[in-house]
Amino acid sequence: MDAIITAQQWASASEGERGPTLLDVRYRPGGPPGLPQYEAGHLPGAVYVDLESALAAPAGPRGRHPLPDTGVFGAAMRRAGVRFDRPVVVYDDGLGWAAARAWWMLRWAGHPDVRVLDGGLAAWTASGGRPTREVSPVEEGDFVPAPGALPLLDADGAAELARRGLLLDARAGERYRGEVEPLDAVAGHIPGAVSAPTTDNVGADGCFLPAAELAARFAGLGASAGTEVGVYCGSGVSAAQEVLALAVAGIPASLYVGSWSEWSSDPARPVATGPLPG
């Protein structure tokens with residue numbers, strides 16, 4: 001199953017009365033909820049899902065966007081019309097961070113068919129799509145999470161993977177190097193992690209690079225055949241986009257959801273700085 005769907009493919013898939021369930025997961029880190037943007041215009045048939053309340057638990061010792069309670073997540077997905085026997089397509093209006101978090105959550109929780117709209121809202125409008133303000137009625141879904149379908153890392157697992165495999169840091173390079181830290185108390189990276197910003201996974205149009213180019217990129221970072229790969233970021237959102245990019249390249253990867261916001265909250269955990277893994 002492909003992890004992404006193009007705007008052209010979506011146009012075909014959405015025809016008829018029983019197309020995929022479509023979720024709008026617009027989100028800006030530190031910004032207002034995406035609901036007003038959704039209400040101002042969205043893809044026809046899309047249902048808005050709030051990342052902060054449906055795809056994450058409140059911030060705390062486990063990070064800024066820890067995993068939500070599975071009951072809360074499942075109820076939110078059922079309200080959005082998600083069913084086991086119906087494909088799901090998710091989109092946002094950025095680099096695919098929030099959409100990828102929804103993709104990862106649903107796949108981790110056992111949904112068999114979830115894809116991200118490549119390039120999001122911008123790619124769809126560029127292909128001729130016209131947003132609507134109409135909100136369609138939603139038929140209650142039947143999705144019940146069954147966690148564990150995708151690999152998950154905790155802090156100890158991330159530290160171990162950095163030693164035995166490849167742990168990618170999906171944040172901007174200056175945050176990895178410890179030059180700036182706008183969100184968390186400590187600057188730097190997990191010792192042994194390799195810098196791999198999410199911005200390098202997409203082209204100027206916001207769409208993912210071709211699979212072969214992504215595979216070459218990750219190979220250059222150390223993802224050789226048989227290497228176990230994991231990803232973290234600031235709070236487990238943008239890292240999901242990197243896990244998605246790795247999936248497009250044919251490389252399975254684990255997600256450290258707590259990410260740097262959890263790691264850096266414990267003063268006992270080591271911190272590396274500078275351009276090298278350390």
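At what angle do the axes of helix 5 and helix 10 cross? In this predicted model, the two axes come within 7 Å and cross at roughly 70 degrees. Angles from 65 to 115 degrees count as roughly perpendicular, and therefore helix 5 and helix 10 are described as roughly perpendicular to each other. On the side of helix 5, the contact is made by Trp-97, Ala-100, Arg-101, Trp-103 and Trp-104, and on the side of helix 10 by Ser-238, Ala-240, Gln-241, Val-243, Leu-244 and Ala-247. Sorted by character, the residues of this contact divide into eight nonpolar, two polar and one charged.

Let us stay with helix 10 for a moment. Helix 10 spans residues 238-248 and is mostly covered, with nine of its 11 residues buried. Among the buried ones are Ser-238, Gln-241 and Glu-242, along with Ala-239, Ala-240 and Val-243. After helix 10 comes Gly-250, and the phi of this glycine is positive, near 85 degrees.

Now turn to the sheets. You can find an open sheet of five strands in the order 1-5-4-2-3, with parallel pairing. Its edge strands are strand 1 (4-5) and strand 3 (47-48), each of which pairs on one side only. Helix 5 (residues 97-108) packs on this sheet, where it touches strand 2, strand 4 (88-91) and strand 5 (114-117). The direction of helix 5 makes about 175 degrees with that of strand 5. As background, strands of a sheet pair through backbone hydrogen bonds, either parallel or antiparallel.

You can walk across this sheet by following its bridges. Strand 1 and strand 5 run parallel and are joined by two bridges, and here Ile-5 has Leu-117 of strand 5 as its bridge partner. Next, strand 4 is joined to strand 5 by three bridges, again running parallel, with Val-88 standing opposite Val-114 in strand 5. On the way to the other edge, strand 2 (residues 21-24) pairs with strand 3 in the parallel sense over two bridges, and Leu-23 stands opposite Val-47 in strand 3.

Strand 5 shows how side chains can point to two sides. Val-114 and Val-116 point one way, Arg-115 and Leu-117 point the other way, and all are buried.

A further open sheet has five strands in the order 6-10-9-7-8, and its pairing is parallel. Here the edges are strand 6 and strand 8 (194-195), each pairing on one side only. Strand 7 (residues 166-169) is joined to strand 8 by two bridges, and these strands run parallel. Leu-168 has Val-194 as its bridge partner in strand 8. Four bridges join strand 7 to strand 9, also parallel, and Leu-167 has Gly-230 of strand 9 as its partner. Strand 9 also pairs with strand 10 (residues 254-256), in the parallel sense over two bridges, where Gly-230 stands opposite Ser-254. In strand 9 itself (residues 229-232), Val-229 and Val-231 point one way and Gly-230 and Tyr-232 the other way, and all are buried.

What fills the inside? The largest nonpolar core has 57 residues, and those with the most contacts inside it are Leu-23, Leu-55, Met-77 and Trp-104. Helix 5 gives the most to this core, with nine residues. You have already met Trp-104 in the contact between helix 5 and helix 10. Leaving aside residues up to four places away in sequence, Trp-104 touches Leu-67, Leu-150, Pro-151, Leu-152, Ala-240, Val-243, Leu-255 and Val-257. Another core lies apart from the largest one and has 14 residues, among them Ala-155, Leu-167, Ile-190 and Trp-260.

Two serines round off the tour. Ser-259 lies in helix 11 (residues 259-263). Most residues other than glycine have a negative phi. The phi of Ser-259, however, is near 50 degrees, a positive value in a residue other than glycine. Buried means under 20% relative accessible area, so Ser-259, at 0%, counts as buried. Ser-136 sits in the loop between helix 6 (120-126) and strand 6 (152-153). Because its relative accessibility is 33%, Ser-136 counts as partly exposed. Ser-136 and Ala-75 are 61 residues apart in sequence and 19 Å apart in space, from C-alpha to C-alpha.

Methods: Residues numbered from 1 in each chain as written. Predicted model: local features only at pLDDT ≥ 70, side-chain atom pairs only at ≥ 80, totals over all residues. Heavy atoms only, no water. Buried < 20%, exposed > 50% of the residue type's maximum accessible area, 1.4 Å probe, protein only. Pairing = 2+ DSSP bridges. Contact = heavy atoms within 4.5 Å. Axes fitted to C-alpha atoms, helices over the stretch in contact; angles between N-to-C directions. Core = buried A, V, L, I, M, F, W, Y, C linked by side-chain atoms within 4.5 Å. Parallel < 35°, antiparallel > 145°, perpendicular 65-115°, else oblique. Nonpolar A, V, L, I, M, F, W, Y, C, P; charged D, E, K, R; others polar.
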